[in-house]
Amino acid sequence: MLEIAAERVSTRAAFTDALPELAVRHDVLVVDTDTGSIRPTAAMDYLNVGIAENVAIGLAAGAERWGRRALVCTFAAFSVSRAYEFIKVDIAYPRRRVCIVGTHAGASGGWLGPTHHATEDLALMNALPNMRVVVPADAHQAVSLLEQCLEYDGPTYLRLGRKDSPVFAGLPAPELGIPQEVRPGRDVALVATGPEVLAVALEVADRLADEGYGAQVVNVHTVDPESADAVGRTLARTCRWMVTLEEAWTSGGMGAQVAAAVGSRGIPWLPIGVNGFLPPGTHASLLEESGLTTESVFSRVLKFITESQ
């Protein structure tokens, strides 16, 4: 059974530690936008273009055109706003082998406020054909999925949190595009993406068990439309209710992709995520304001089940 470990490590920190060796091993051009998330070494092929996301995307696309794999590191909020047209035209359309890393994703920008919160990124990146959208469940998965993104024959978007987040004991190694059933259950599926949200899903599943409902928990670390069908195949055949959980706007996000994929089954669906803009605050307070806490999610899910019977 999957358990929440005592330690907390940010997916961004795991990326920072793992990148130098992986970049050298896979011969990757690393393009930074002055994020502070990369510690370059002499062996790395590294360029810091400053706060110029459009330039970083164009440079990486050009390098890939001439045979180089490339990685661009940005704040998530800026990659999907300032550079979106460049990602669409220069990366997604020609299917370039470029990994775009978005840090400070979701509400993890905290006190930096709505200019730096990235709750729209899943919807925007999911809208791009050819783009794989990747959200590691914890720091360990972040390293494995980073390497898989660097090996993938096409464009990827790797979404990382800023602050320390849950780590899970017993979490299987991830495989790009393949969702993970981390807790079996017959009645209700809790489909979650991201560290904080997966931890909430596991705690809610325990609470639902006390109420007599078997809750299946599915970790969706690849959240794009291409992966949504696989999520549908992972849901228990006896599933009567589906709840999707994400630290992002629900419009166009992971839940919307999964709901579209399983719509023919007629399973009642409750999407839970961020609604609207968030003010400056701690990450924890913003999750609470968004209703992404164990108590809030449990109350909503139990009411949803009761009213759907």
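## Sheets and helix packing in a predicted model

An open sheet of six strands runs in the order E3-E2-E4-E5-E7-E6, and its pairing is parallel. The edges are occupied by strand E3 (45-48) and strand E6 (132-134); each has a single partner strand, so one side of each is left without a neighbour in the sheet. From one strand to the next, the twist averages 20 degrees. The description throughout refers to a predicted model.

Within this sheet, strand E2 (residues 28-32) pairs with E3 in the parallel sense over four bridges. In this pair, Asp32 of E2 is placed opposite Asn48 in E3. Helix H2 (residues 53-65) packs on the sheet and touches E2, E3, strand E4 (69-75) and strand E5 (98-103). The direction of H2 makes about 170 degrees with that of E4.

H2 also packs against helix H4 (residues 84-92), at an angle of about 0 degrees and with the axes 9 Å apart. Angles under 35 degrees count as roughly parallel, and H2 and H4 are therefore roughly parallel to each other. On the H2 side the contact is made by Asn54, Ile57, Gly58 and Ala61, and on the H4 side by Phe86, Ile87, Asp90 and Ile91. The residues of this contact of H2 with H4 divide into five nonpolar, two polar and one charged.

A second topic is the five-stranded sheet. This open sheet has the order E9-E11-E10-E12-E13, with mixed pairing. Its edge strands are strand E9 (180-183) and E13, each of which pairs on one side only. Neighbouring strands of the sheet are turned against each other by 25 degrees on average, direction ignored.

Strand E10 (residues 188-193) and E12 pair in the parallel sense over six bridges, and Val188 stands opposite Trp241 in E12. Helix H11 packs on this sheet, where H11 touches E10, E12 and E13. The direction of H11 makes about 160 degrees with that of E13. Strand E12 (residues 241-249) is also paired with strand E13 (residues 269-274), in the parallel sense and over five bridges. Here Met242 is found opposite Trp269 in E13. Together with helix H9 (residues 254-262), E12 and E13 make a right-handed β-α-β unit.

Both H11 and H9 take part in helix-helix contacts as well. The axes of helix H7 (residues 195-210) and helix H11 (residues 294-308) come within 9 Å and cross at roughly 50 degrees. H7 and H11 are therefore oblique to each other, and their crossing is right-handed. From H7, the residues Val200, Glu203, Val204, Arg207 and Leu208 meet Thr294, Glu295, Val297, Phe298, Val301, Leu302 and Ile305 in H11. The residues of the contact of H7 with H11 divide into eight nonpolar, one polar and three charged.

For helix H8 (residues 225-234) and H9, the axes come within 8 Å and cross at roughly 55 degrees. H8 and H9 are therefore oblique to each other, and this crossing is right-handed. Pro225, Ala228, Asp229, Val231 and Gly232 in H8 meet Gln257, Val258, Ala261 and Val262 in H9. The residues of the contact of H8 with H9 divide into six nonpolar, two polar and one charged.

The helix pairs are listed below with their axis geometry.

| Helix pair | Axis separation | Angle |
|---|---|---|
| H2 and H4 | 9 Å apart | about 0 degrees |
| H7 and H11 | within 9 Å | roughly 50 degrees |
| H8 and H9 | within 8 Å | roughly 55 degrees |

In summary, the six-stranded sheet has parallel pairing and H2 packs on it, while the five-stranded sheet has mixed pairing and H11 packs on it. H9 links E12 and E13 in the right-handed β-α-β unit, and the residues of H9 that meet H8 include Gln257 and Val258.

Definitions and conventions. Residues are numbered from 1 along each chain as its sequence is written. This is a predicted model: local features need pLDDT of at least 70, side-chain atom pairs count only at pLDDT 80 or more; totals for chains, interfaces and linings use all residues. Side-chain values use heavy atoms; hydrogens and water are left out. Two strands pair if DSSP finds at least two bridges between them. Helices (H or I, at least four residues) and strands (E, at least two) are DSSP runs, numbered from the N terminus. A crossover is right-handed if, with the strands pointing away from the viewer, the path from the first strand over the helix to the second runs clockwise. Axes are lines fitted to C-alpha atoms, for helices over the stretch in contact, and angles run from 0 to 180 degrees between N-to-C directions. Angles under 35 degrees count as roughly parallel, over 145 as roughly antiparallel, 65 to 115 as roughly perpendicular and the rest as oblique. A crossing is left-handed if the near helix is turned anticlockwise from the far one by less than a right angle, and right-handed if clockwise. Contact means heavy atoms within 4.5 Å. Ala, Val, Leu, Ile, Met, Phe, Trp, Tyr, Cys and Pro count as nonpolar, Asp, Glu, Lys and Arg as charged, and the others, Gly among them, as polar.
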